[in-house]
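Biologist: Before I rely on the words used for this protein, I would like to see each of them set against its cut-off.

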Amino acid sequence: MANFLKKNTIFQGTLWGDILTKQLIKDLKEGERVRSFFSIKYKHIPKEYSKGYMFTLGLADKSGEIELTFFGDENLQKVTELYEQLKEDNIIFVEGIANSY
């Protein structure tokens, strides 16, 4: 049994089972809501953008790979702390909207 913390809520269940239906990267469509688990394959260091700091993660599952861009605020220390907690091969829960740039 695994526990996952997301927005002050603890989800209990098996990694790929009880929480939600697994969304595969190959099936994601632009504009679709994403709520699933993915493995971190690589990460790029935080850099500045117009509203603060951002970084990119390469995510993967059994169907393929995709990039996730995290847009943080102007607090570089806070963005860097989050970035440093994320390690290659970690499994993370992602919630957002699929878009292309």
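The conversation below takes up strands, burial, ring pairs and contacts in turn.

Modeller: A caution comes first: this is a predicted model, in which local features need pLDDT of at least 70 and side-chain atom pairs count only at pLDDT 80 or more, while totals for chains, interfaces and linings use all residues. Residues are numbered from 1 along each chain as its sequence is written, and side-chain values use heavy atoms, with hydrogens and water left out.

Biologist: What pattern does the protein chain follow along the sequence?

Modeller: The order is β-β-β-β-β-α-β, from one helix and six strands, where helices (H or I, at least four residues) and strands (E, at least two) are DSSP runs numbered from the N terminus.

Biologist: What makes S4 and S5 a pair of strands?

Modeller: Two strands pair if DSSP finds at least two bridges between them, and eight bridges join strand S4 (residues 52–61) to S5, the two running antiparallel. One of the partnerships sets Leu 57 against Leu 68 in S5, and the two strands form a hairpin with two residues between them.

Biologist: Why is Phe 37 called buried?

Modeller: Buried means under 20% relative accessible area, exposed over 50%, and partly exposed in between (1.4 Å probe, protein chains only). Phe 37 has 3% relative accessibility and therefore counts as buried, whereas Phe 71, at 40%, counts as partly exposed.

Biologist: Why is the pair of Phe 37 and Phe 93 called edge-to-face?

Modeller: Rings of Phe, Tyr and Trp (its six-membered ring) pair if their centres lie within 6.5 Å, and planes under 30 degrees apart count as stacked, over 60 as edge-to-face and the rest as tilted. A search of the whole structure finds four aromatic pairs. In the pair of Phe 37 and Phe 93 the centres are 5.2 Å apart and the planes meet at 65°, which is edge-to-face. This pair links distant parts of the chain, with Phe 37 in strand S3 and Phe 93 in strand S6 (residues 91–97), 56 residues apart.

Biologist: How do you know that Phe 55 and Tyr 83 form an aromatic pair?

Modeller: Their centres are 5.3 Å apart, and with 70° between the planes the pair is edge-to-face. Phe 55 lies in strand S4 and Tyr 83 in helix H1 (residues 76–85), so the pair ties together parts that are 28 residues apart in sequence.

Biologist: Which residues is Phe 71 in contact with, leaving aside its neighbours within four places in sequence?

Modeller: Contact means heavy atoms within 4.5 Å, and on that basis Phe 71 is in contact with Tyr 49, Tyr 53, Met 54 and Tyr 101.
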